[in-house]
There are 2 protein chains.
Amino acid sequence: MKGYVQVYTGNGKGKTTASLGLIMRALGHDFKVYVGQFMKGTPKGEIKILKKLGVSVERFGGENFIFKPEQVTVLDRKIAKEGYKRVEKILLSKKYDLIILDEINVSTFFNLITPEEILHLIDIKPKETELILTGRYVPKEVIERADLVTEMKEIKHYYYDGVMTRKGIER
Amino acid sequence: MKGYVQVYTGNGKGKTTASLGLIMRALGHDFKVYVGQFMKGTPKGEIKILKKLGVSVERFGGENFIFKPEQVTVLDRKIAKEGYKRVEKILLSKKYDLIILDEINVSTFFNLITPEEILHLIDIKPKETELILTGRYVPKEVIERADLVTEMKEIKHYYYDGVMTRKGIER
């Protein structure tokens, strides 16, 4: 079965969760799944369940959430590049049926990973592997190469009542 | 913690999977989760994993996939109404932290459930419960009442090479 390249982008909610949902479906058919989370240092609620389900999860992000390109540190760059190298190995290993690179699109916006590097990852993707790339700001070269692109568009959003994220929902 | 009403709609991929991903996050915090799947008679790959994770899942759909309103049978209507009654009970039970009503929006398009009935379900939602409504064709009254609405917009889609769905990815 041919594996495709899927992109979930846009300013709306549901990009990372859509990729997590794909994992559930894939595991139902005993697929091998790998998740590489870029830009995220702190584990979220899903990690516990992913581990319980035997999914390999790795995080390539610093402690602090990056809001602006000016905030990017040398360490952030180092971690992202290490993540990129790691993911390259994972793809070349041909061990996984489904590979999710969460927030990798965003990392191009912060110049942590280049669009060409993402294209290289697509190039080395095993034919049968499904590759999911999530995050805002997906470069247009990546859209051109992807098989499926969904834009999550924010139509309406609640205010957080002073809290950034809610346990069990956003984290 | 206040629970919100979230809607995932639009013609793009990722609506149901986004709701499944929310489950993973919620379970990571030991939330109680209920999933009611409208319009779907045949179980997909995710069911196996949801059951393994202790999530209550029920399906309120006939055997055949409905493409056009003309195809709707008396049985489809009966199953949808029973589903609606069941979900009403589930909401009133106050047992669940996260309730997902998958494809319930679509069921209004096929006149299986009315927009007013969905509004009623929102009305009886326990304050702390997060309610997720997925599917295309969400009625505008529901958008008005929802706290968060994301439109999944199809930007690019692969052709299925003659197959409707792929095991482990679409089903």
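Start by selecting B:G36 and looking across to strand 4 of chain B, where its bridge partner is B:L101. Helices and strands here are DSSP runs numbered from the N terminus, with at least four residues (H or I) for a helix and at least two (E) for a strand. This is a predicted model, in which local features need pLDDT of at least 70 and side-chain atom pairs count only at pLDDT 80 or more, while totals for chains, interfaces and linings use all residues. Residues are numbered from 1 along each chain as its sequence is written, and chains are lettered from A and ligands numbered from 1 in the order in which they are written.

**Stop 1: strand 2 of chain B**

Stay with B:G36 and look towards strand 3 of chain B: the bridge partner there is B:E58. Now pick B:V33, whose bridge partner in strand 4 of chain B is B:L98. Colour the three strands and you'll see strand 2 running parallel to strand 4 (residues 98–102), joined by 5 bridges, and pairing with strand 3 (residues 56–60) in the parallel sense, also over 5 bridges. Two strands count as paired if DSSP finds at least two bridges between them. Trace the chain from strand 2 of chain B through helix 2 (residues 46–52) to strand 3, and you follow a right-handed β-α-β crossover. To check that, point the strands away from you: right-handed means that the path from the first strand over the helix to the second runs clockwise.

Is strand 2 of chain B mostly covered or mostly open? Mostly covered: 6 of its 6 residues (33–38) are buried. Buried means 20 or more other C-beta atoms within 10 Å of the residue's own, exposed means 12 or fewer, and partly exposed is in between, with C-beta atoms placed from the backbone. Flip the view to check both faces: B:V33, B:V35 and B:Q37 are on one side, with B:Y34, B:G36 and B:F38 on the other.

**Stop 2: the core**

Go back to B:V33, one of the residues with the most contacts inside the largest nonpolar core, which has 90 residues. Such a core is a set of buried Ala, Val, Leu, Ile, Met, Phe, Trp, Tyr and Cys residues joined through C-beta atoms within 7 Å. Beyond its neighbours within four places in sequence, B:V33 is in contact (C-beta atoms, placed from the backbone, within 7 Å) with residues including B:I23, B:L27 and B:Y96.

**Stop 3: where the chains meet**

Show both chains: 46 residues of chain A are in contact with 47 residues of chain B. On the chain A side, helix 1 gives the largest share, 11 residues. Next, select strand 6 of both chains; they run antiparallel and are joined by 7 bridges. For one example, select A:T150 and find its bridge partner, B:E154.

Zoom out and you have an open sheet of 12 strands with mixed pairing. Its edge strands, strand 3 of chain A and strand 3 of chain B, each pair on one side only.

**Stop 4: a residue on helix 3**

Finish on A:V74, found in helix 3 of chain A. Is A:V74 buried or exposed? A:V74 counts as exposed because it has 7 C-beta neighbours inside 10 Å. Then select A:F110, which is 36 residues from A:V74 in sequence and 12 Å away in space, C-alpha to C-alpha.

Technical notes:
Contact = placed C-beta atoms within 7 Å.
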